[in-house]
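Visitor: Got a minute to walk me through this one? I'd like to get a feel for the fold before I do anything else.

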Amino acid sequence: MPETGFRRIGDGIRRGAQFSIQVDGAPIVAFSGETVATALLAGGRLALRHTEKSKQPRGIFCGMGICFECLMTVNGVPNVRTCITPAEPGMIVTTQHGLPEVAGDAHH
Ligand code: FES
């Protein structure tokens with residue numbers, strides 16, 4: 001099991017069950033009740049996606065589902081707002097580069 005993350009408060013906190021999610025092929029520790037973005041931040045990962053044109057990294061900005069800076073692909077579904085998506089055991093999360101084409105998108 002990987003380390004639980006250096007950004008988590010250690011004392012006086014009761015957490016849910018510990019499990020791992022796969023992020024770009026590597027295990028990241030998460031606890032029941034955390035969002036995907038929280039688990040990533042606690043694991044030391046700040047960049048969650050890259051912009052399409054300038055390839056600049058983006059991470060958690062609003063933390064409440066409004067800004068869309070935390071989009072990642074989760075279990076094969078693109079454009080998931082990871083700041084409001086609860087982590088679940090065995091999730092497969094991958095970094096997005098730009099905005100992937102979505103089935104039924106009229107702009108393509
Ligand atoms: S950080 Fe703003 S929508 Fe997720």
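Visitor: So what does the secondary structure of the protein chain come to?

Guide: Keep in mind that this is a predicted model. The chain has 1 helix and 8 strands.

Visitor: And how do the elements run from the N terminus on?

Guide: The order is β-β-α-β-β-β-β-β-β.

Visitor: OK, sheets. What's the strand order in the open sheet of 5 strands?

Guide: That one goes E2-E1-E7-E5-E6, and the pairing is mixed. Strand E2 (26-31) and strand E6 (77-81) are the edge strands; each has a single partner strand, so one side of each has no neighbour in the sheet.

Visitor: How far are neighbouring strands turned against each other there?

Guide: By 40° on average, with direction ignored.

Visitor: Let's look at E5. How many bridges join E5 to E6?

Guide: There are 3, and the two strands run antiparallel. E5 covers residues 71-74, and Leu71 has Arg81 in E6 as its bridge partner.

Visitor: What's in the hairpin of those two?

Guide: The hairpin of E5 and E6 has 2 residues between the strands, and Asn75 takes a positive phi near 50° there.

Visitor: What about E5 and strand E7, how many bridges there?

Guide: E5 is joined to E7 (residues 92-94) by 2 bridges, and this pair is antiparallel. Val74 is bridged to Val93 in E7.

Visitor: Back to E6 for a second. Is Asn79 buried or exposed?

Guide: In between. Asn79 sits in strand E6, and it counts as partly exposed because it has 14 C-beta neighbours inside 10 Å; being buried would take 20 or more. Asn79 is also 9.7 Å from Gly98, C-alpha to C-alpha, with their positions 19 residues apart in sequence.

Visitor: Switching topic: which residues touch the most other members of the largest nonpolar core?

Guide: The core has 19 residues, and the ones touching the most other members are Ile21, Val36, Ala37, Ala39, Leu40 and Val93. Strand E1 (18-23), E2, helix H1 (36-42) and E5 each supply at least two residues of this core.

Visitor: Where does the largest share come from?

Guide: From H1, which gives 6 residues.

Visitor: And what does Ile21 touch?

Guide: Leaving out residues up to four places away in sequence, Ile21 touches Ile28, Ala30, Val36, Ala39, Ala87, Met91 and Val93. As background, nonpolar side chains in soluble globular proteins tend to be buried together.

Visitor: What share of the chain counts as buried?

Guide: 24% of the 108 residues.

Visitor: How about contacts, what fraction comes from residues 24 or more positions apart?

Guide: They account for 38% of the contacts with a separation of 6 or more.

Visitor: Last thing: what order do the strands take in the open sheet of 3 strands?

Guide: E4-E3-E8, again with mixed pairing. Strand E4 (57-58) and strand E8 (96-97) are at the edges with a single partner strand each, so one side of each is left free of a sheet neighbour.

Visitor: How many bridges between E3 and E4?

Guide: Strand E3 (residues 49-50) pairs with E4 over 2 bridges in the antiparallel sense. One of the partnerships is His50 with Pro57 in E4.

Methods: Residues are numbered from 1 along each chain as its sequence is written. This is a predicted model: local features need pLDDT of at least 70, side-chain atom pairs count only at pLDDT 80 or more; totals for chains, interfaces and linings use all residues. Two strands pair if DSSP finds at least two bridges between them. Helices (H or I, at least four residues) and strands (E, at least two) are DSSP runs, numbered from the N terminus. Axes are lines fitted to C-alpha atoms, for helices over the stretch in contact, and angles run from 0 to 180 degrees between N-to-C directions. A residue is buried if 20 or more other C-beta atoms lie within 10 Å of its own, exposed if 12 or fewer, and partly exposed in between; C-beta atoms are placed from the backbone. Two residues are in contact if their C-beta atoms, placed from the backbone, lie within 7 Å. A nonpolar core is a set of buried Ala, Val, Leu, Ile, Met, Phe, Trp, Tyr and Cys residues joined through C-beta atoms within 7 Å.
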